[in-house]
Amino acid sequence: MEPTKELTKRGRLGHLTRTPLGWMLTGMAAVALISALTATGPGPVPLLGAAAAIAAYAVVMRRVAHRPTLEIARPGAARETLRGAAAGLGFILLSALLITTLGGYSFSWAGDGVVSVIWTAVVTQAAAAITEELLFRGLALQALEHLWGSRTALAITSLFFGVAHLGAEGATLWSGVAIAVEAGLLLGAAFLWRRSIWFVVGLHFAWNTTEQLLGIPVSGHAPDGLFTVGVHGSALLTGGAFGLEGSLVPVLVGVALAVPMLVLARRAGRLRNRHEARAADMDRP
C-alpha cells in the first residue's frame, strides 16, 4: 500500500475511534477482554483484573475519546463507594424483608466456611460490579448521552442491561424486563445523579454481595452463601430460579429509588440533552 493511502487509512480509523460509538466500542473491547482473562482466576486475580480494567478505561477515555475522567477520580472515591454500598444494602435488605414477610422466603444458617464464603463473595462481586459499571454506565451511557442526551441513553442502556442477563440460568422474558427496570434504570439513575462510577460500583457490589451471602441466586447464579434460602409461592413474588431480581418486589422498590434520583439529577443540572452533554465535556478541565 502506498504511504499516502496508509496514512489516510490510519487517519480515518483514528477519526472513527474518536467518535462516541468508536471510543465506546474500543473501551468495551478492552474492559471485556481483561474481564474474560481474569474474572474466574484464583485468589485476588479478579480484583487485579478489575484494577487493570479501570486503568484501561482511563487510557481509552483520555487518549482515544479525549475526555477527562472525573467519574473515576480518586478524591472522594471511598466516600462515594460507601454511600452507594449503603443504598445497595438497603435496597436488597428491604426487598428480601418484604418478600419474606409475604411468605416467599425462609432462611436457615448454612454454618460452614464463613470466612471463605465472605472472601469469595467479596472478590467475585467486586470484580463483577466494577467491570459491568465501566461497560454500561462509564462507556455506554456516557457515549449515548453524548449522541442523544441523558434520557435516551438511560433508556437504551437499561434495555441492553436487561438483554445482557437473558442468557443467565433461570432467565425469562419477565426477568429480563425486571433487570432492565430495577437494575438498568436504578444504576443509570444513580450514575446520572452522582456522576460517579464509584457510587454505582458501591451500589452494585453491595446489592450482589448481600444477595449471595443471604443464599439467594444472583441473576440466576447460585454460589455458596451464609444462609440457605427456602422459596415458597409464586415466582412473581420470589423470582423463582432466577433469584430475587426476578421478583416484582425489587422492581417496585427500584423504581421508588430511581425516580427521586432522577429528580435530584435534573435539579442539579445533570440530566442533559446531547448539546449540553457535549458542552459539559468541553468545559471539563
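The paragraphs below go through helices, helix pairs and single residues of a predicted model.

Helix α2 covers residues 20-38. Its 19 residues should span 27 Å at 1.5 Å a residue, and the end C-alpha atoms are 27 Å apart, which agrees. Several residues of α2 are buried: Pro20, Gly22, Trp23, Met24, Gly27, Val31, Ile34, Ser35 and Thr38. Two of these, Val31 and Ser35, are touched by Thr131, a residue of helix α5. Thr131 is itself buried, with a relative accessible area of 10%; the cut-off for buried is under 20%. In sequence Thr131 is 97 residues from Ile34, while the C-alpha atoms of Thr131 and Ile34 are 9.1 Å apart in space. Within α5, a polar atom of the Thr131 side chain lies 3.0 Å from the backbone oxygen of Ala127.

Helix α5 (residues 114-148) also packs against helix α3 (residues 45-64), and the two axes come within 8 Å and cross at roughly 15°. Angles under 35 degrees count as roughly parallel, so α3 is roughly parallel to α5. On the α3 side, the contact is made by Pro46, Leu47, Ala50, Ala53, Ile54, Tyr57 and Met61. The residues of α5 that take part are Val123, Ala126, Ala127, Ile130, Leu134, Gly138, Leu139 and Gln142. Ala127 thus appears in the contact with α3 and also supplies the backbone oxygen that lies 3.0 Å from the side chain of Thr131. The crossing of α3 and α5 is left-handed.

In the loop between α3 and α4 is His66. The backbone of His66 has a positive phi of about 55°, although His66 is not a glycine. His66 counts as exposed, at 56% relative accessibility.

The loop between α5 and α6 holds Gly149. Gly149 counts as buried because its relative accessibility is 2%, where buried means under 20%. Leaving aside residues up to four places away in sequence, Gly149 touches Leu144, Arg272, Asn273 and Arg274. Gly149 and Ser247 are 98 residues apart in sequence, and their C-alpha atoms are 31 Å apart in space.

The next loop, between α6 (150-164) and α7, contains His165. This histidine is buried, with a relative accessible area of 13%. Not counting residues up to four places away in sequence, His165 touches Glu132, Ala171, Ile179, Ser219 and Phe242.

Helices α7 and α8 form another packed pair, with their axes 8 Å apart and an angle of about 150°. Angles over 145 degrees count as roughly antiparallel, and α7 and α8 are therefore roughly antiparallel to each other. Their crossing is right-handed. From α7, the residues that meet α8 are Glu182, Ala183, Leu186, Leu187, Ala190, Phe191, Trp193 and Arg194. They meet Ile197, Phe199, Val200, Leu203, His204 and Trp207 in α8.

Arg195 is found in the loop between α7 and α8. Arg195 has a positive phi of about 55° although it is not a glycine. At 13% relative accessibility, Arg195 counts as buried, whereas His66, with a positive phi of about 55° as well, counts as exposed.

Helix α10 (residues 248-267) has 20 residues. From the first C-alpha to the last, α10 reaches 29 Å, close to the 28 Å expected at 1.5 Å a residue. At the start of α10, the backbone nitrogen of Val249 has a side-chain oxygen of Ser247 within 3.0 Å. Val249 is one of the buried residues of α10. The others listed as buried are Pro250, Val251, Val253, Gly254, Ala258, Met261 and Ala265. What covers the buried residues of α10 includes α4 (77-101), α7 (173-194), α8 (197-214) and α9 (235-238). The paired helices α7 and α8 are thus both among the elements that cover the buried residues of α10. Just after α10, Gly269 takes a positive phi of about 75°.

Technical notes. Residues numbered from 1 in each chain as written. Predicted model: local features only at pLDDT ≥ 70, side-chain atom pairs only at ≥ 80, totals over all residues. Heavy atoms only, no water. Helix = DSSP H or I, 4+ residues; strand = E, 2+ residues; numbered from the N terminus. Expected span 1.5 Å × (residues − 1). Buried < 20%, exposed > 50% of the residue type's maximum accessible area, 1.4 Å probe, protein only. Contact = heavy atoms within 4.5 Å. Polar contact = N/O pair within 3.5 Å; in protein donor to acceptor, adjacent residues only side chain to side chain. Axes fitted to C-alpha atoms, helices over the stretch in contact; angles between N-to-C directions. Parallel < 35°, antiparallel > 145°, perpendicular 65-115°, else oblique. Left-handed = near helix turned anticlockwise from the far one by under 90°.
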